[in-house]
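Please open the model in your viewer, with selection by residue number at hand. The tour below goes from one selection to the next and says what is to be found at each stop.

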Amino acid sequence: MSGHAHESRIKELLDRMTVDEKFGQLQQLAWAWDTGPGGGDTESAETAAREGLLGSVLNVVGAGASNALQRIAVEESRLGIPLVFGLDVIHGFQTTFPIPLAQAAAFDPAVTEKDAEVSAREARSNGIHWTFSPMMDVTREPRWGRIAESTGEDPYLTTCYAVAKIRGYQGADLTAPDRIAACAKHFVAYGGAEGGRDYNTVDVSEQRLRNLYLPPFRAAVEAGAATVMAGFNTVSGVPAHANPHTLTGILKEAWGFDGVVVSDWTGVQELVAHGGAANEAEAARRALTAGVDMEMVSTTFVDHGRELLAAGTLSAERLDDAVARVLRLKLRLGLFERPYVDESAALTGPTPDTRAAARDAAGRCMVLLKNDDRVLPLDVPALRSLAVVGPFADSGDLLGTWTLPGAPASAPVLRALREALPYTSITHAVGVAPEGFDTSGVPEAVVAAVAADAVVLVVGEPPALSGEAAVRSELGLPGAQERLIDAVTATGRPCVVVLVGGRPLTIGAWARSVSAILMAWHPGIEAGPAVADVLTGAVNPGGKLPVTFPRAVGQIPLYYNHERTGRPYDPAAPEVKYVSKYLDIADGPEFAFGHGLSYTTFTLGDPLLSREWIGARELREGATVEATVAVRNTGDREGDSVIQLYVQDPAAAITQPVRRLRGFQRVRLAAGEEREVRFTLGADDFGYWTNDPAGTFTVEPGEIHIHTGDSSRTGARRTLQIT
């Protein structure tokens, strides 16, 4: 159906709808997990659907359950308007891929696009039309549990991943039986929660809002994201659910977004708790007039809409606009023509192909943080015995946060290593639990280590300690895990740590005592086989950190793209030394943004520019500059290198970050192979947004430094003059 036909149909429906039916379209209710019509807390949804007073339901799982509820809406309500079914499909429906933060470490948006394609196919076949993903909250706060659901601290990397995931979910045709509507969340600046405490205050300048937090959302809108979700946070004192500047002024008016803005779970009702509304009626008024179109779970729109219209505090035009957006989503999904799914075609679990895709993704996401004396990959032919130790060595709980009920457990590392090393004697000891301080199992782990040629220690953070509302004040290994590491490394055996988790951890206390560290994150359903692939060298790790690893919690916030300060001043390296230091800890992070090792080595040439100067006006009119860098694999095996390009404006009216990522390419090179990598740079890469509330983007004359390398700490650069 064409866009014009959509609008004609929307107008026809609006003309026929009662006021109550209009408010009903703005209501989304929650459904009890794994129940059909008539079960659990589903009665209110069934009644509302029958009366034509419901627009959407979330958490209906299964083709049969969704079809049954859909029939009530389509066949028993007055107008027969179908429901849209939503679900938090974050990094997999049945086939669980690595967590989003891990996917960002691949520095390869194709990884997240594949996750979205698989998720969309599995979810749509089971009656799901709409996912509340991707989360594109840029964050510099590792204490915040939802960093696991993010793609890290950089707006450019987040933008690339957001666009790829939307493309994977939605494809070119939302009516297709293997596509679902995406939701760009959380609008906006949710990742800046003060102290890392979830749902907390965010006080942000206009320029930081536009330069750091908004770019991924703007790109999402341009990529056709069907929906946007408001954030739980305040934005400079104004709750995001009641913020007309962001929801209407920027999103709908400046960017022309014509899709649905949905609240977060009871986010409208919580305006009262925020102190942004005196009661639920005022909460409904503020949210609706600010730009929220659909209310998730709480019912303030339905409960108070009529009185707001009667009082003149909500206009009929705004109500119709919100309803039109909901109807437009349903028309774009093709739900009027095909409201039901084929129950016989519903996918019931992962397939060999989807497991292979998840395994490949997990391998690409892993980051080799340390590899002293090239202890990795394991010398498979010579390895007679191996001790596999730690609380996560034999764990099936490595799926990560936001895993859906019924998703298969992750394949354990221990089993995968036994399959990968059939001629190696492998012993196993748990040592300690994931949490708690019982060390009675440590002696057994030490005995296993002493008897082995090498040790693989699988330690880290359980999935329950990351995700929504999972805030940590300390970022070390939970419980007695560090004691286990100390005891095992004291044996003198080569010790490889496989680190699992949903966030950066402070690992300096033991990092120098182990031979190698592989950051595996929470790798998903194929966790074990993917870890085994990397440890044995079947996969050469090429991932890079999408977020800074601090030495200590006291350094937070610590991020690569910080602004310059006046002191201390180091004329030898001013672009990286404009930052004060701590008295009691070494300067800088444990591992920097963009860091990651390989089993081979690479050399990079200095960047070359297609021109040495360009006019600011030319840039604003679309002119570009090409940067080229040569990369060569100087090692003895094939491997991946992530070439990164950073831009710095050393003198601007608004102080700029010491570096900003503006390009990356992951390339695979055979031993001895050399390749040129090209980046095209334009106005968006050299300019910035000012503090003008109306939104002003500027490109200033002056020098621009262009750096290329394999991490955010690279030094090679060229200078471009903007006139």
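Leaving aside its neighbours within four places in sequence, which residues is Glu-526 in contact with? In this predicted model, select Glu-526 together with Arg-355, Ala-358 and Arg-359, since these three are the residues in contact with Glu-526 once neighbours within four places in sequence are left aside. With Arg-355, the contact includes a polar one between the two side chains, at 2.7 Å. Glu-526 itself is found in the loop that runs between strand E16 (516–519) and helix H20 (527–536). Its relative accessibility is 9%, and because buried means under 20%, Glu-526 counts as buried.

Next, select His-129, which lies in the loop between helix H6 (109–125) and strand E4 (130–131). At 2% relative accessibility, His-129 also counts as buried. To display its surroundings, leave aside the neighbours within four places in sequence and add the residues in contact with His-129, among them Gln-70, Phe-85, Arg-124, Ile-180 and Leu-335. If you then draw a line from the C-alpha atom of His-129 to that of Val-658, 529 residues apart along the chain, the separation is 43 Å.

Val-658 leads on to a span known from a record: UniProt, in an unreviewed entry, lists residues 641–712 as "domain: Fibronectin type III-like". Colour residues 641–712 by secondary structure, and the span shows 53% strand and 6% helix, with its end C-alpha atoms 14 Å apart.

Now display the open sheet of 5 strands, whose order is E19-E27-E26-E21-E22 and whose pairing is mixed. The edge strands, each pairing on one side only, are strand E19 (613–614) and strand E22 (660–669). At the E19 edge, the pairing with strand E27 (residues 717–722) is in the parallel sense and extends over 2 bridges, and here Ile-614 can be picked out opposite Ile-722 in E27.

The last stop is inside the protein, where the count comes to 4 cavities of 30 Å³ or more. Which residues are closest to the centre of the largest cavity? Select Pro-100, Pro-134, Met-135, Thr-151 and Lys-165, which are the closest to its centre of the 14 residues that line this cavity. The volume of the largest cavity is about 100 Å³. Helix H5 (100–105) and helix H7 (155–170) each supply at least two residues of its lining, and the largest share, 4 residues, comes from H7.

Technical notes: Residues are numbered from 1 along each chain as its sequence is written. This is a predicted model: local features need pLDDT of at least 70, side-chain atom pairs count only at pLDDT 80 or more; totals for chains, interfaces and linings use all residues. Side-chain values use heavy atoms; hydrogens and water are left out. Buried means under 20% relative accessible area, exposed over 50%, partly exposed in between (1.4 Å probe, protein chains only). A polar contact is a pair of N or O atoms within 3.5 Å; within protein, one must be able to donate a hydrogen and the other to accept it, and residues adjacent in sequence count only if both atoms are side-chain atoms. Contact means heavy atoms within 4.5 Å. UniProt positions are given in the numbering used here, feature names are shortened, and annotations may be inferred rather than shown by experiment. Two strands pair if DSSP finds at least two bridges between them. On a 1 Å grid over the protein atoms alone, a cavity is a set of points where a 1.4 Å probe fits but cannot get out, and a pocket is an open set with protein on both sides within 12 Å along at least five of seven lines; lining residues have an atom within 4 Å of a point. Grid points are joined across faces, edges and corners, and a volume is the space filled by probe spheres set on the points.
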